[in-house]
Amino acid sequence: METQVLIVGAGPTGLVLALWLTHFGIPLRIIDKDDGPGETSRAMGVQARTLEFYQQLGIAQEVISKGINANAFRLRIKGEVKAVGILHDMGKGLSPFPFMLTFPQDDHEKLLLEHLSKFGVTVERKTELISFTQSVSSVQATLKTPSGGMETMDVPYLCGCDGARSTVRTNLKLDFHGGTYSQIFYVADAKVTGDAASGDLQLCLSEQDFCMVLPVRSSGTFRLIGIVPRDKEQQEKIVFKDVADAVIRDTLLKIEEVNWFSTYHVHHRVAKQFRVARIFLSGDAAHIHSPLGAQGMNTGIADAINLAWKIAAVTQQRAAPALLDTYEIERKAFALKLVSTTDKMFQIMTTGGTFGKYWRTKIFPFIISHLLRFEGVRRFFFKTISQIEINYRQSPLSRNVVNKMHGGDRLPWVDYGSSDNFTSLQTLDWQVHIYGAATKEFEEAVRGTGIRLNVLPANDRSDAAGLLANAVYLIRPDGYLGFVSETQDAEKLKSYLAEHQIAARK
């Protein structure tokens, strides 16, 4: 079968898009202008929702084994611990992965590449997208090959996963609304000693600035992220020595060795469109924002998964072409909200002047130290940061409300002890869940549609998750609810499937 999708960019977003499309049996090519995967990276946090997606592919446990489960969050002021929050099980009962994992992006990419290679898919390195046009039926792309020659190809879909300086977005002439923060961030991998050199996530504040400290298992080092001091910003070349005093002041760490150091500007931008006919943008090509909250890489991965199952369904004629319209509707709405939220967080953490100093060293620690004592606050924090609260309630695919559970919500996790309700999601297909019992008539009607029906126990655990006994929950391939109904009305279910021309995988 001829190539159906050309993916430009082999960072986490492009690799996950390729991996999901491959699982659906969609032939693709993935290119990257660099000569190999990144050896250094800024992205570290892998959130629970990303691990849930990986569980659908059977790779979550491998990712966890290579990363570090952050057990606690510690807030330090001038090196002294002012607040502690337990993280290792703060999402207990909400997700099979009730923690935050740290796993460097470069190691993350290598793992994804290994799994792609099992399907015979390799990234075409030193291959660059030069230009493209599109017609009603395809995209015509011109590529520069490693030898310097030119190649043209026709492909039904082009996906730009090529980062903040996206060639795809630039050639589409799409506005990238937003701005750039004046502060310069630094990031380093270093061997350090001191109290802050632990397996915990550390946020170290001082009157002047802040430094985040995260463990990196693969190298036995720690990731340091912070802001370059104002008096060093104008230097032509900034090196670690220029931030060392700030790091030591904020963390009280002793720096033994620096393996890698880089600086960068932080942007907050969202593309005007995520789709132009047969061309799509995902990840940093579509949206960029402050790294506070460890959301960027996870958001790009979620973009990729949302897009992958929809392209696969339309390509394989298992859904109406209009399904692709929902990609931008669903993902852009979240991107706008995320950029706004992280922008506010960034402004709060970097505010200058007397108030900013007082906020960082007095008010913020006082608030955090008190709030982290409450389990409800920790669970709210987990729901927000983990991305399990993301919903698509305003999507054309979302229908009805049952017991406060909306179409468009993520299917809540139910742990039955020896089993759970997420295992069946590994089919990567539409399915119906009923918690309780299905009538014979409804069971026969669902069987006739080809959609899988899963009847699961209704008990105090499913009830606590908000799932109404005997109600109907039609679940999308990405684990979100589509159609929900209090009654087992087969005709309404079939009407929904017919409206979107949804068919099961063969």
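**Figure 1. The whole chain.** Among contacts in the chain (heavy atoms within 4.5 Å) between residues at least 6 apart in sequence, 70% join residues at least 24 apart. The model is predicted: local features need pLDDT of at least 70, side-chain atom pairs count only at pLDDT 80 or more, and totals for chains, interfaces and linings use all residues. Residues are numbered from 1 along each chain as its sequence is written, and side-chain values use heavy atoms, with hydrogens and water left out. The chain has 506 residues and a radius of gyration of 24 Å, which agrees with the value near 23 Å for a compact globule of that length. This radius is taken over C-alpha atoms, and the globule rule is 2.2 Å times the number of residues to the power 0.38. The C-alpha trace spans about 70 × 60 × 35 Å along its principal axes. Of the 506 residues, 57% count as buried; buried means under 20% relative accessible area, exposed over 50%, and partly exposed in between, with a 1.4 Å probe and protein chains only. Carbon and sulfur atoms hold 51% of an accessible surface of about 21,400 Å², an area that comes from the Shrake-Rupley method with a 1.4 Å probe, where for residues only the protein chains shown count as cover. The secondary structure comes to 13 helices and 26 strands. Helices (H or I, at least four residues) and strands (E, at least two) are DSSP runs, numbered from the N terminus.

**Figure 2. The sheet of 8 strands.** Strands of a sheet pair through backbone hydrogen bonds, either parallel or antiparallel. Here, two strands count as paired if DSSP finds at least two bridges between them. This open sheet has the order β6-β5-β14-β15-β16-β13-β17-β20, and its pairing is mixed. At its edges are β6 (80-86) and β20 (287-288), each of which pairs on one side only. Inside the order, β13 (residues 176-193) and β16 (residues 221-227) pair in the antiparallel sense over 6 bridges. A190 stands opposite F222 in β16.

**Figure 3. Surroundings of E256.** E256 is found in strand β17, which covers residues 254-271. With a relative accessibility of 46%, E256 counts as partly exposed. Leaving aside neighbours within four places in sequence, E256 is in contact with K191, V192 and T193. V192 is 64 residues away along the chain, yet its C-alpha atom and that of E256 are separated by 5.3 Å. The side chains of E256 and T193 are joined by a polar contact of 3.3 Å. A polar contact is a pair of N or O atoms within 3.5 Å; within protein, one must be able to donate a hydrogen and the other to accept it, and residues adjacent in sequence count only if both atoms are side-chain atoms.

**Figure 4. The sheet of 3 strands.** A second view shows an open sheet with the order β3-β7-β4 and antiparallel pairing. β3 (45-46) and β4 (68-69) stand at the edges with a single partner strand each, so one side of each has no neighbour in the sheet. Between β4 and β7 (residues 101-102) there are 2 bridges, in the antiparallel sense. I68 stands opposite T102 in β7.

**Figure 5. Helix α2.** Helix α2 runs over residues 48-57, and 9 of its 10 residues are buried, so the helix is largely enclosed by the rest of the structure. Among the buried residues are L51, F53, Y54 and L57, and also R49 and E52. Just after α2, G58 takes a positive phi of about 80°.

**Figure 6. Two hairpins.** Strands β9 (residues 128-134) and β10 (residues 139-144) pair in the antiparallel sense over 6 bridges. They form a hairpin with 4 residues between them. The bridge partner of E128 is K144 in β10. In the other hairpin, β25 (residues 472-475) and β26 pair in the antiparallel sense over 3 bridges, and I475 stands opposite L481 in β26. Here 5 residues lie between the strands, and G479 takes a positive phi near 85°. Strand β26 (residues 481-485) is mostly covered, with 5 of its 5 residues buried.

**Figure 7. Cysteines C159 and C161.** A disulfide is a covalent bond between the sulfur atoms of two cysteines. The cut-off used is a pair of cysteine sulfur atoms within 2.5 Å. The structure holds 0 disulfides. C159 is in none, and the nearest cysteine sulfur, that of C161, is 5.9 Å away. For C161, the closest cysteine sulfur is in C159, too far for a bond. C159 is buried, with a relative accessible area of 0%, and C161 is buried at 9%.
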